[in-house]
Amino acid sequence: MRGPGPEGTPVPRQLLAGDAASVAPTLLNKVLVKGDRAGRIVEVEAYGGAHDPASHAYRGRSPRNEVMFGGPGLLYVYFTYGMHWCANVVCGPVGEAQAVLVRALVPLTGIEAMQADRPAARQVRDLCNGPAKLCQALGIGGLDNGVDLVSGEGAIMVLDDGVAPPRRPGNGVRIGISVATERTMRWWVPDEPCVSKVSAGPLTGT
DNA sequence: CTTTGGATCGTCT
DNA sequence: GACGATCCAAAGG
């Protein structure tokens, strides 16, 4: 007996073995699940390890970014701004620290539980429309750092439920960084209300 | 509707 | 000691 979560199969680990910039748009419309809570991924950013000044791994290995080097399919969770958690899908070969930041979800299941954990969200569309918001909504935190997302056994998974990525995703610069700002490594599902507000800017119109 | 600034602490310099 | 892959409430138009 499965729980009330969506049907689907874990994303094959091999699909995550490429560079973050190649993998990121293919994760659009996949489903991130934790327990009974799930949402469809509609906005992502790629971080390119040692070759990307905006990556946490740019200056090499540290206790904080250790999981980024652990190979495709792991979950890298980090704490920032003194109060927020954010979640990444580690990709690339072992040792390269490629990672895809999950920036927004469309809530699918467990919406009541999400609302209980995010009283500040007044609309369902506000539950998961930001990288720290979705972690709060799904209950993802530091204890989840390093878990395997695609073994099919874990509490947190990335599933393919048969919905293909958009043929022509939105694409633009990353949010909240102060270096490497010229790289357009953010992708989103066009015309999707749950994409984070800051990124619903100029480039969405096409 | 938009803009602004406060919260808050782990991490690395 | 400074800053950050953010969020939210409050104030102003």
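Trainee: How do the residues of the lining of the largest pocket divide into nonpolar, polar and charged?
Mentor: Keep in mind that this is a predicted model. The pocket has a volume of about 580 Å³, and 27 residues line it. By class, those lining residues come out as 15 nonpolar, eight polar and four charged.

Trainee: Which residues are the closest to the centre of the largest pocket?
Mentor: The lining draws on several elements, with strands E3, E4, E5 and E6 and helix H3 each supplying at least two residues. Closest to the pocket centre are Tyr78, Thr80, Tyr81, Ile175 and Gly176.

Trainee: Where is Tyr81 found, and what is its phi?
Mentor: Look at the loop between E4 and E5, since Tyr81 is found there. The two strands form a hairpin with three residues between them, and Tyr81 is in the turn. Tyr81 is not a glycine, yet its phi is positive, at about 55°.

Trainee: Is Tyr81 buried or exposed?
Mentor: The cut-off for exposed is over 50% relative accessible area. Tyr81 has a relative accessible area of 65%, so it is exposed.

Trainee: What does Tyr81 meet on DNA strand B, and at what distance?
Mentor: Tyr81 is one of the residues surrounding DNA strand B, along with Arg59, Ser62, Arg64, Phe79, Gly82 and Met83. From Tyr81 the atom involved is a backbone N or O. Its partner is a base oxygen of DNA strand B, at 2.6 Å.

Trainee: Which part of DNA strand B does Ser62 approach, and at what distance?
Mentor: For context, sugar and phosphate make up 62% of the atoms of DNA strand B that come within 4 Å of the protein. The residues of the surface near the strand split into three nonpolar, two polar and two charged. Ser62 uses a polar side-chain atom, and that atom lies by a phosphate oxygen of DNA strand B at 2.4 Å.

Trainee: Over how many bridges do E4 and E5 pair, and which residue is the bridge partner of Val77?
Mentor: E4 and E5 run in the antiparallel sense, and their pairing covers six bridges. Take Val77 as a marker: its bridge partner in E5 is Ala87.

Trainee: Why is E5 described as largely enclosed by the rest of the structure?
Mentor: Count residues against the burial cut-off, which is under 20% relative accessible area. E5 is largely enclosed because, of its eight residues, the number buried is six.

Trainee: In the hairpin of E5 and E6, which residue takes a positive phi?
Mentor: E5 and E6 pair in the antiparallel sense over four bridges, with Val89 standing opposite Val100 in E6. Their hairpin has six residues between the strands. The positive phi, near 70°, belongs to Gly92.

Trainee: How many residues of E3 are buried?
Mentor: E3 spans 37–48. The strand is largely enclosed by the rest of the structure, because the buried count is twelve of twelve.

Trainee: Which strands pair with E3, and over how many bridges?
Mentor: E2, residues 31–34, runs antiparallel to E3 and is joined to it by four bridges; Val33 has Ala38 as its bridge partner. E9, residues 186–188, is also antiparallel to E3, with three bridges, and here Val44 stands opposite Trp187. E6 is antiparallel to E3 too, and the bridges joining E3 to E6 number ten.

Trainee: In the hairpin of E2 and E3, which residue has a positive phi?
Mentor: There are two residues between the strands in that hairpin. The phi there is positive, near 60°, and it belongs to Gly35.

Trainee: What is the relative accessible area of Glu45, and which residues do its side-chain polar atoms meet?
Mentor: Glu45 lies in strand E3, and its bridge partner in E6 is Leu101. Glu45 is buried, with a relative accessible area of 0%. A polar contact of 2.6 Å joins its side chain to that of Tyr47. A polar atom of the Glu45 side chain also lies 2.8 Å from the backbone nitrogen of Ile175.

Trainee: Is Ala180 buried or exposed?
Mentor: Ala180 is found in the loop between E8 and E9. Its phi is near 55°, a positive value in a residue other than glycine. With 13% relative accessibility, Ala180 counts as buried.

Definitions and conventions. Residues are numbered from 1 along each chain as its sequence is written. Chains are lettered from A and ligands numbered from 1 in the order in which they are written. This is a predicted model: local features need pLDDT of at least 70, side-chain atom pairs count only at pLDDT 80 or more; totals for chains, interfaces and linings use all residues. Side-chain values use heavy atoms; hydrogens and water are left out. On a 1 Å grid over the protein atoms alone, a cavity is a set of points where a 1.4 Å probe fits but cannot get out, and a pocket is an open set with protein on both sides within 12 Å along at least five of seven lines; lining residues have an atom within 4 Å of a point. Grid points are joined across faces, edges and corners, and a volume is the space filled by probe spheres set on the points. Ala, Val, Leu, Ile, Met, Phe, Trp, Tyr, Cys and Pro count as nonpolar, Asp, Glu, Lys and Arg as charged, and the others, Gly among them, as polar. A residue is near a molecule or strand if one of its heavy atoms lies within 4 Å of it. A polar contact is a pair of N or O atoms within 3.5 Å; within protein, one must be able to donate a hydrogen and the other to accept it, and residues adjacent in sequence count only if both atoms are side-chain atoms. Buried means under 20% relative accessible area, exposed over 50%, partly exposed in between (1.4 Å probe, protein chains only). Two strands pair if DSSP finds at least two bridges between them.
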